[in-house]
Amino acid sequence: MIIEVDIYSAIRARYSDGESIRAIAKDLGVSRQTVKKYCEGATHPEVRKNYQREPEIITDTIKTFILGYFKEDENE
């Protein structure tokens with residue numbers, strides 16, 4: 001779940017004031033796991049992991065093979 005910075009700030013402030021994770025989660029409509037993650041301070045909502053895509057499975061040989069069948073279908 002992506003939360004806004006204002007919700008992050010509210011989570012941190014309420015937790016610092018001694019409010020329980022369960023109460024914060026219920027009041028803000030956020031999962032307890034999300035509240036716990038932000039209370040621990042190990043991450044920030046604007047910090048995201050780099051997305052790594054797997055290399056393409058379709059090689060040039062396969063593309064040529066598929067396009068050949070498309071051209072063949074056009075001629076029919």
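Of the 76 residues of the protein, 14% are buried, where buried means under 20% relative accessible area, exposed means over 50%, and partly exposed lies in between (1.4 Å probe, protein chains only). The model is a predicted one, in which local features need pLDDT of at least 70 and side-chain atom pairs count only at pLDDT 80 or more, while totals for chains, interfaces and linings use all residues. Residues are numbered from 1 along each chain as its sequence is written, and side-chain values use heavy atoms, with hydrogens and water left out. The accessible surface of the protein comes to about 6,700 Å², and 51% of this surface belongs to carbon and sulfur atoms; accessible areas come from the Shrake-Rupley method with a 1.4 Å probe, and for residues only the protein chains shown count as cover.

The protein contains four helices and zero strands, and its elements run α-α-α-α from the N terminus on. Helices (H or I, at least four residues) and strands (E, at least two) are DSSP runs, numbered from the N terminus. Contacts, defined as heavy atoms within 4.5 Å, were also examined by sequence separation. Among those between residues at least 6 apart in sequence, 47% join residues at least 24 apart.

The largest nonpolar core has nine residues in all: Ile3, Tyr8, Ile11, Ile24, Ala25, Val30, Val35, Tyr38 and Cys39. Such a core is a set of buried Ala, Val, Leu, Ile, Met, Phe, Trp, Tyr and Cys residues joined through side-chain atoms within 4.5 Å. At least two residues of the largest nonpolar core are supplied by each of helix H1 (5–16), helix H2 (21–28) and H3. Helix H3 gives the most to this core, with three residues. One of the core residues is Tyr38. Leaving aside neighbours within four places in sequence, Tyr38 is in contact with Ile3, Tyr8, Ile11, Arg12, Thr43, His44 and Pro45.

The UniProt annotation "domain: Resolvase HTH", from an unreviewed entry, covers residues 11–39. UniProt positions are given in the numbering used here, feature names are shortened, and annotations may be inferred rather than shown by experiment. In the model, the span of residues 11–39 is 76% helix and 0% strand, and its end C-alpha atoms lie 7 Å apart.

Charged pairs were examined next. Side chains of opposite charge can pair when their charged atoms come close. A salt bridge is taken as a side-chain nitrogen of Lys or Arg within 4 Å of a carboxyl oxygen of Asp or Glu, and by this rule the count comes to two salt bridges. In one of them, Arg14 pairs with Asp27, the closest N and O atoms being 2.5 Å apart. Arg14 lies in helix H1 and Asp27 in helix H2, so this pair ties together parts that are 13 residues apart in sequence. Arg14 also forms a salt bridge with Glu19, with the closest N and O atoms 3.7 Å apart. Arg14, Glu19 and Asp27 are thus linked in a network of salt bridges.

The members of this network are partly exposed, with relative accessible areas of 24% for Arg14, 28% for Glu19 and 48% for Asp27. Glu19 is found in the loop between H1 and H2. Not counting residues up to four places away in sequence, Glu19 touches Arg14 and Ile24.

Several pairs of residues were compared by sequence separation and by C-alpha to C-alpha distance. Ser16, in helix H1, is 23 residues from Cys39 in sequence and 8.5 Å from Cys39 in space. Ser16 counts as exposed because its relative accessibility is 62%. Glu40, in helix H3 (residues 32–40), is 25 residues from Tyr15 in sequence, with a C-alpha to C-alpha distance of 9.7 Å. Glu40 is likewise exposed, at 54% relative accessibility. Ser9, also in helix H1, is separated from His44 by 35 residues in sequence and by 10.0 Å in space. The relative accessible area of Ser9 is 41%, so this residue is partly exposed.

On the surface, Ile57, Ile58, Ile62, Phe65, Ile66, Leu67, Tyr69 and Phe70 form a nonpolar patch with about 820 Å² of accessible area together. Patches are made of residues with over 30% relative accessible area and no salt bridge, like charges being joined within 9 Å and nonpolar side chains (Val, Leu, Ile, Met, Phe, Trp, Tyr) within 5 Å. Phe70, one of the patch residues, lies in helix H4 (residues 60–75).
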